[in-house]
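This report describes a single protein model for readers at the bench. Please keep the sequence and the coordinates in view while reading.

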Amino acid sequence: MNKFVKKLWMLGLALVLAVSLAVPALAAGEAAGEPAAQEETQEESSGGKTMASAVAIGLAALGGALGMGVATGKAAESIGRQPEAEGKIRTTLMLGLVFIETAIIYALLVVILIIFVL
């Protein structure tokens with residue numbers, strides 16, 4: 001399982017690196033000799049917002065999913081080892097999952113602000 005998590009992290013980092021390197025290439029249209037327009041249209045300005053929103057919500061969902069999976073697995077393991085402490089373990093697990101989900105919802109709100117306000 002440990003090798004799988006390492007491979008998943010490497011894949012995620014490679015994806016973030018690829019997206020980071022692609023953004024300047026997409027923005028190089030004006031510098032490549034294309035004439036600059038007087039007014040930027042809505043479609044041209046929404047490209048960066050879309051990319052930032054996708055990366056932000058993707059990272060939040062990935063981190064939240066990994067955190068929830070690890071927490072649930074450890075809770076199940078703890079209940080298996082100490083069945084008499086099931087109630088306390090379950091309460092602590094639910095509280096932790098709520099905090100993780102709250103962080104993901106905050107990321108969603110930031111993404112909505114990026115798309116519609118900025």
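The sections below cover the fold, the salt bridges, the surface, a pocket and some spatial contacts.

**Fold and confidence**

The model is predicted, and the mean pLDDT of the protein chain is 80. A score of at least 70 is reached by 75% of the residues. The protein chain contains three helices and zero strands, which follow one another along the sequence in the pattern α-α-α. Confidence varies among these elements: helix 3 (residues 86-116) has the highest mean pLDDT, 92, whereas helix 1 (residues 2-27) has the lowest, 70. Of the 118 residues in the protein chain, 10% count as buried.

**Salt bridges**

How many salt bridges does the structure hold? There are two. In general, side chains of opposite charge can pair when their charged atoms come close. The pairs are set out in the table.

| Salt bridge | Closest N to O distance |
|---|---|
| Arg-81 with Glu-77 | 3.2 Å |
| Glu-86 with Arg-90 | 2.6 Å |

Arg-81 and Glu-77 both belong to helix 2, where they are four residues apart, or about one turn of the helix. Arg-81 is exposed, with a relative accessible area of 68%. Its partner Glu-77 is partly exposed, at 37% relative accessible area.

The other pair, Glu-86 and Arg-90, lies in helix 3; because these residues are four apart in that helix, about one helical turn separates them. Glu-86 has a relative accessible area of 31% and is partly exposed. Arg-90 also counts as partly exposed, because its relative accessibility is 42% and the partly exposed class runs between 20% and 50%.

**A nonpolar surface patch**

Which residues make the nonpolar surface patch of about 1000 Å²? The patch is made by Ile-105, Tyr-106, Leu-108, Leu-109, Ile-112, Leu-113, Ile-115, Phe-116, Val-117 and Leu-118. One of these residues, Ile-105, is found in helix 3. Ile-105 has a relative accessible area of 44% and is therefore partly exposed. That value also explains why Ile-105 can belong to a patch, because patch residues must have over 30% relative accessible area.

**The second largest pocket**

Rolling a probe the size of a water molecule over the atoms shows where empty space is left. The second largest pocket has a volume of about 280 Å³. Its lining consists of 16 residues, of which Gly-12, Leu-15, Val-16, Leu-59 and Leu-62 are the closest to the centre of the pocket. Helix 1 and helix 2 (42-81) each contribute at least two residues to this lining. Helix 1 is also the element with the lowest mean pLDDT, 70, a point to keep in mind when reading this part of the model.

**Pairs distant in sequence**

Two residues of helix 3 can be related to positions earlier in the chain. Arg-90, which lies in helix 3 and takes part in the salt bridge with Glu-86, is 15 residues from Ala-75 in sequence. The C-alpha atoms of Arg-90 and Ala-75 are 7.2 Å apart in space.

Gly-96 likewise lies in helix 3. Gly-96 is partly exposed, with a relative accessible area of 29%. Between Gly-96 and Gly-67 the separation in sequence is 29 residues, and the distance in space is 9.4 Å from C-alpha to C-alpha.

Notes: Residues numbered from 1 in each chain as written. Heavy atoms only, no water. pLDDT = per-residue confidence, 0-100. Patch = residues over 30% accessible without salt bridge, like charges linked within 9 Å, V, L, I, M, F, W, Y side chains within 5 Å. Areas by Shrake-Rupley, 256 points an atom, 1.4 Å probe, with all protein chains shown as cover. Salt bridge = Lys/Arg side-chain N within 4 Å of Asp/Glu carboxyl O. Buried < 20%, exposed > 50% of the residue type's maximum accessible area, 1.4 Å probe, protein only. 1 Å grid on protein atoms, 1.4 Å probe; cavity = no way out; pocket = protein on both sides within 12 Å on 5 of 7 lines; lining within 4 Å. Points joined across faces, edges and corners; volume = space filled by probe spheres on them.
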